Structure formats: structure tokens, C-alpha cells
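Please look at the sequence and the structure below before reading on. The notes that follow are grouped by topic.

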Amino acid sequence: MSDGGSRYLKAPFEVHEQRFEATERIMELQFGQVDKRLERIEQMIGGLEKRLWMTVYGVVAVILTQAVQGVLEYAPK
């Protein structure tokens, strides 16, 4: 009892402290995994966005090509 109290009074606090530390570590790991998943999702969205813009440009190119061909058909020869 020279350390200032009974070990039975300190033991419950030590258990709660250990649980708190374990919970913090688990949460840190979970947030790390969430960050990795979000990064992968952002990369996938970036790739999808590039493909979408390429499709839009392709459709516009086809429409413009058809318009130019139509104008050339009616142009005087």
C-alpha cells in the first residue's frame, strides 16, 4: 500500500484504459481501410469520367461530320 491505494481500485480503470486503446487502434485501422477504398473509388470515377468525355467527343465528331457531309452535298459543284 505504499503506492497510494489498493490495486483493486486501480484495476478497473486499467481495464477501461486498455479497452479504450484497443478501440482507438481498431478505429484507426478501419478509417485507414475506408481511406484506401475511397481512393480506389475516386480512381475508378476518374477513369469513368475520361471514358465518358471520349464518348461525348466521339458523338459530337460524328454529328459534325454528318453535318459537313450534308453541306457538301448541297454545295454547288
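The points below cover the overall fold, the exposed surface, an aromatic pair and two surface patches.

This is a predicted model. The secondary structure of the chain comes to one helix and zero strands. That helix, α1, spans residues 7–74. Of the 77 residues in the chain, 0% count as buried.

**Overall surface**

- The chain exposes about 7,800 Å².
- Carbon and sulfur atoms supply 65% of that exposed area.
- No share of the 77 residues is listed as buried, the figure being 0%, and a residue would need under 20% relative accessible area to be called buried.

**The aromatic pair**

- A search of the whole structure finds one aromatic pair.
- The pair is formed by W53 and Y57, and its geometry is tilted.
- The ring centres of W53 and Y57 are 5.9 Å apart, with 35° between the planes.
- The angle of 35° between the planes makes the pair tilted, because planes under 30 degrees apart count as stacked and planes over 60 as edge-to-face.
- W53 and Y57 are four residues apart in helix α1, so about one helical turn separates them.
- W53 has a relative accessibility of 44% and therefore counts as partly exposed.
- Y57 has a relative accessibility of 54% and therefore counts as exposed.
- The two labels rest on a cut-off, because exposed means over 50% relative accessible area.

**The nonpolar patch**

- A nonpolar patch on the surface is formed by L52, W53, M54, V56, Y57, V60 and L64.
- Together these residues have about 740 Å² of accessible area.
- Both residues of the aromatic pair, W53 and Y57, are among the members of this patch.
- L64, another member of the patch, lies in helix α1.
- The relative accessible area of L64 is 52%, so L64 is exposed.

**The negative patch**

- E14, E17, E21, E24 and E28 form a negative patch on the surface.
- One of these residues, E28, is placed in helix α1.
- E28 has a relative accessible area of 61%, so this residue is exposed.

Key. Residues numbered from 1 in each chain as written. Predicted model: local features only at pLDDT ≥ 70, side-chain atom pairs only at ≥ 80, totals over all residues. Heavy atoms only, no water. Patch = residues over 30% accessible without salt bridge, like charges linked within 9 Å, V, L, I, M, F, W, Y side chains within 5 Å. Areas by Shrake-Rupley, 256 points an atom, 1.4 Å probe, with all protein chains shown as cover. Salt bridge = Lys/Arg side-chain N within 4 Å of Asp/Glu carboxyl O. Lys, Arg positive; Asp, Glu negative; His and termini not counted. Charge placed at Lys NZ, Arg CZ, Asp CG, Glu CD. Helix = DSSP H or I, 4+ residues; strand = E, 2+ residues; numbered from the N terminus. Buried < 20%, exposed > 50% of the residue type's maximum accessible area, 1.4 Å probe, protein only. Phe/Tyr/Trp six-rings, centres within 6.5 Å; stacked < 30°, edge-to-face > 60°.
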